[in-house]
Structures are given as C-alpha cells and as structure tokens.
Amino acid sequence: MTKKIALFPGSFDPLTLGHLDTIERASHLFDEVIVGIFTNTSKQSFFTIEEKVDLIREACAYLPNVRVIAKQADLTVNIAQELGAKYLVRGIRNMKDYEYEHEIMEMNYHLDDTIETVFFLAKSKYTHISSSLIKEVVYFGGDVSDYLPKNIDEAIRRKQNES
C-alpha cells in the first residue's frame, strides 16, 4: 500500500492556530504531513526561515506524523514530486481564499495532474485570522495570544522586547 503523503505549503509567518488546526486535521487523514515553509517574496517576514522551522516543529511536536521542512525558489508541485507527496493541503477561510486557492489548484493540476489539492474549510473561530493581520496587530502592540500557539506567541513577545 502506498503511503499517503501530503504537503502543506506556506510562508507561515507566523503559524497561527488556524494553520495548526489544519495541520492537525490533515494528520488524521494522511500517513505523513509535511509542512513546507516557503518564502513569499511579496511579504515582509517577521521570523527567519530557521526560526520558523524551529517554532513550527515545536508547535507540531505532539503530531508524530508531521514534519517541517524549508524550501526556497521552486514550484510547489516540483517540491511535492521531490517529497513523494501526492496531495497538497490548503486552508480556506472565505470566498476570497477559495477564489485564490482555486486558481492555484488549477495551475498546479496543469503542471502535474497526479497531485490532488485537498481543501480544509477553516473553523469559524479562525476565519478572520491571517498571518498578515497578526503581524499588523503585533506591530501596534496588540495582544494576539488567542490566535497563536503558545511557543510562537512567546517568540513574538521576545522579538518585541528586543526592538
């Protein structure tokens, strides 16, 4: 029997409880879930790639079939092929996300029609949260602890204190 491997790609800057919920739910469906941290050139990064890898590994430590990798400058389907992943995991919070993710899914399918995209609809308590919004609130000193894994909230507070 072939191992079901899923890749969850994103910039995860920072990883939110919504992301973590998607990872956890995917971990129940797939033999292995690989969280792929990719660079988003259109976004200002809060954490370095190395920090994100360490923080996300710690946040996902309770999920034995989840691993975290960092990749840069390649197509998601190429990385999925390299990893043996036949599934791409994506979270959808709203219609705007759906439209965006649908376009990406179609292009990925064009590039490799053997890789399926699996959408997870966000739980209602996470539909208004995005990493960009979290960073905006943090920038102005707001409390976002309700939306982040504890270790990531602590890392953000440490960074704030350093500045």
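## Charge and surface

In this predicted model, the chain carries 19 positive and 25 negative charges, and the mean positions of the two sets lie 3 Å apart. The accessible surface of the chain is about 9400 Å². Carbon and sulfur atoms account for 52% of that surface.

## Fold and dimensions

The chain contains 6 helices and 5 strands. In sequence order these elements follow the pattern β-α-β-α-β-α-β-α-β-α-α. The radius of gyration is 15 Å, close to the 15 Å that the globule rule gives for 163 residues, so the chain is as compact as a globular protein of that length. The C-alpha trace spans about 50 × 30 × 30 Å along its principal axes.

Of the 163 residues in the chain, 44% are buried. Contacts between residues at least 6 apart in sequence were also sorted by separation: 76% of them join residues at least 24 apart.

## Helix α3

Helix α3 covers residues 76–83, and V77, I79, A80 and L83 are buried in this helix. Seen down the axis of α3, the buried residues fall within an arc of 160°, so they line one face of the helix. The general geometry is as follows: an α-helix has 3.6 residues a turn, so residues three or four places apart point the same way.

The buried residues of α3 pack against four strands and a helix: β1 (5–10), β2 (32–38), β3 (66–71), β4 (87–92) and α4 (95–111). Just after α3 comes G84, which has a positive phi of about 75°.

## Two residues of helix α4

Helix α4, one of the elements against which the buried residues of α3 pack, includes K96 and D97. K96 has a relative accessible area of 67% and is exposed, because the cut-off for that class is over 50%. The C-alpha atom of K96 is separated by 30 Å from that of N65, and the two residues are 31 apart along the chain.

D97 has a relative accessible area of 13%; this value is under 20%, so D97 is buried. Leaving aside neighbours within four places in sequence, D97 is in contact with G91 and I92. Thus, of these two residues in α4, K96 is exposed, whereas D97 is buried.

Definitions and conventions:
Residues are numbered from 1 along each chain as its sequence is written. This is a predicted model: local features need pLDDT of at least 70, side-chain atom pairs count only at pLDDT 80 or more; totals for chains, interfaces and linings use all residues. Side-chain values use heavy atoms; hydrogens and water are left out. Helices (H or I, at least four residues) and strands (E, at least two) are DSSP runs, numbered from the N terminus. The radius of gyration is taken over C-alpha atoms; the globule rule is 2.2 Å times the number of residues to the power 0.38. Buried means under 20% relative accessible area, exposed over 50%, partly exposed in between (1.4 Å probe, protein chains only). Contact means heavy atoms within 4.5 Å. Accessible areas come from the Shrake-Rupley method with a 1.4 Å probe; for residues, only the protein chains shown count as cover. Lys and Arg count as positive and Asp and Glu as negative; His and the chain ends are not counted. The place of a charge is taken as NZ of Lys, CZ of Arg, CG of Asp or CD of Glu. The arc is that of the directions from the helix axis to the C-beta atoms.
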